[in-house]
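Q: Please examine the entry shown below. The exchange that follows asks how each description is justified.

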Amino acid sequence: MFIVGLTGGIASGKSTVAARLVTRGAIHIDADALSREVVEPGTPGLKAVSETFGEGVLSADGSLDRPALGAIVFGDPNARGQLEAIVHPLVHQRTAELLETARVNDPTAIVIYDVPLLVEARRELAFDLIVVCQAPIETRIARLLSTRGMPRDEAQRRIASQASDDERLAVADVVIDTAGTMEHTIEQVDELWADLVVRARDRASIS
């Protein structure tokens, strides 16, 4: 099995890259999706969150009221640390389960672990390769304005809250330039996939 860490700043085209890799045969694990899954109604994660932050973070239907929780943890490092101490171990456990399933089903599997905050989180998962999606800040701001209707100041704030381009590029093994046309991005991803197939087969042959 070959594990690829895929990251990039907001509006960097990461979702496009992940989707293309999935069409080629990769297994996609989305860290953000797992962080939502582990606090769904009825889970130990949601119980722990409500016990820590109060029932005011629950909606009328018993699900997590994300805006209410965000109002508590945003700008409060201690509260954010409490939340991360609940959610991160659950996400890591779920990730390990999915990786083991992938390994058992196919020793040559290529797993794309989609981690928007890979640099910030300093995750302990041992990636075989880290891929960074990269586009200039102004390009990303323009995308946020046009596709999400986000005000410019909010777009700038969101970008500034994440790791810098230099910090992401410092950990990159491969950089996908997503600033150009869709065709150019797809061409780079297909070249990456061809390389990953070879790497995964080589890994399986010596395991």
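Q: What makes Glu55, Val57 and Leu58 count as residues that serine 50 touches?
A: Contact requires heavy atoms within 4.5 Å. Serine 50 meets that criterion with Glu55, Val57 and Leu58, residues up to four places away in sequence being left out of the count. This is a predicted model, in which local features need pLDDT of at least 70 and side-chain atom pairs count only at pLDDT 80 or more, while totals for chains, interfaces and linings use all residues. Residues are numbered from 1 along each chain as its sequence is written, and side-chain values use heavy atoms, with hydrogens and water left out.

Q: Why is serine 50 called buried or exposed?
A: Buried means under 20% relative accessible area, exposed over 50%, and partly exposed in between, with a 1.4 Å probe and protein chains only. Serine 50 has 15% relative accessibility and therefore counts as buried. The residue is found in helix H3.

Q: How do you know how many helices and strands the protein chain has?
A: Helices (H or I, at least four residues) and strands (E, at least two) are DSSP runs, numbered from the N terminus. By that assignment the protein chain has 10 helices and five strands.

Q: What makes the radius of gyration of the protein chain agree or disagree with that of a compact globule?
A: The radius is taken over C-alpha atoms, and the globule rule is 2.2 Å times the number of residues to the power 0.38. For 207 residues the rule gives a value near 17 Å; the protein chain has 18 Å, so the two agree. The C-alpha trace spans about 50 × 45 × 30 Å along its principal axes.

Q: What makes up the largest nonpolar core, and which of its residues touch the most other members?
A: A nonpolar core is a set of buried Ala, Val, Leu, Ile, Met, Phe, Trp, Tyr and Cys residues joined through side-chain atoms within 4.5 Å. The largest such set holds 31 residues, of which Val49, Phe53 and Leu69 touch the most other members. Several elements supply at least two residues each, including helix H3 (44-53), helix H4 (66-73) and strand E3 (110-114). Helix H5 gives the most, with seven residues. Phenylalanine 53 touches Leu69, Ile72, Val73, Ala79, Gln82 and Leu83, not counting residues up to four places away in sequence. Apart from this core lies another, of 19 residues, among them Val17, Leu129, Val131 and Trp193.

Q: Why is threonine 178 called buried or exposed?
A: Its relative accessible area is 4%, so threonine 178 is buried. The residue is placed in the loop between strand E5 (174-177) and helix H10 (182-206). Beyond the residues up to four places away in sequence, threonine 178 touches Ser12, Gly13, Val17, Cys133, Gln134, Ala135, Arg143 and Thr185.

Q: Why is glycine 180 called buried, partly exposed or exposed?
A: At 44% relative accessibility, glycine 180 counts as partly exposed. Glycine 180 also lies in the loop between E5 and H10. Its C-alpha atom is separated by 9.7 Å from that of threonine 139, 41 residues apart along the chain.

Q: Why is alanine 85 called buried or exposed?
A: The relative accessible area of alanine 85 is 55%, so the residue is exposed. Alanine 85 has its place in helix H5.

Q: What makes the phi of alanine 11 noteworthy for a question, and where is the residue placed?
A: Alanine 11 has a positive phi of about 65° although it is not a glycine. The residue is in the loop between strand E1 (2-8) and helix H1 (14-24). With 17% relative accessibility, alanine 11 counts as buried.

Q: Why is lysine 14 called buried or exposed?
A: Lysine 14 has 11% relative accessibility and therefore counts as buried. Lysine 14 lies in helix H1. Leaving aside neighbours within four places in sequence, lysine 14 is in contact with Leu6, Thr7, Gly8, Asp114, Pro116 and Cys133.

Q: Why is phenylalanine 2 called buried or exposed?
A: Phenylalanine 2 has 3% relative accessibility, so the residue counts as buried. Phenylalanine 2 belongs to strand E1. Its contacts, leaving aside neighbours within four places in sequence, include Ile110, Leu129 and Leu196. The C-alpha atoms of phenylalanine 2 and leucine 129 are 8.3 Å apart in space, and the two residues are 127 apart in sequence.
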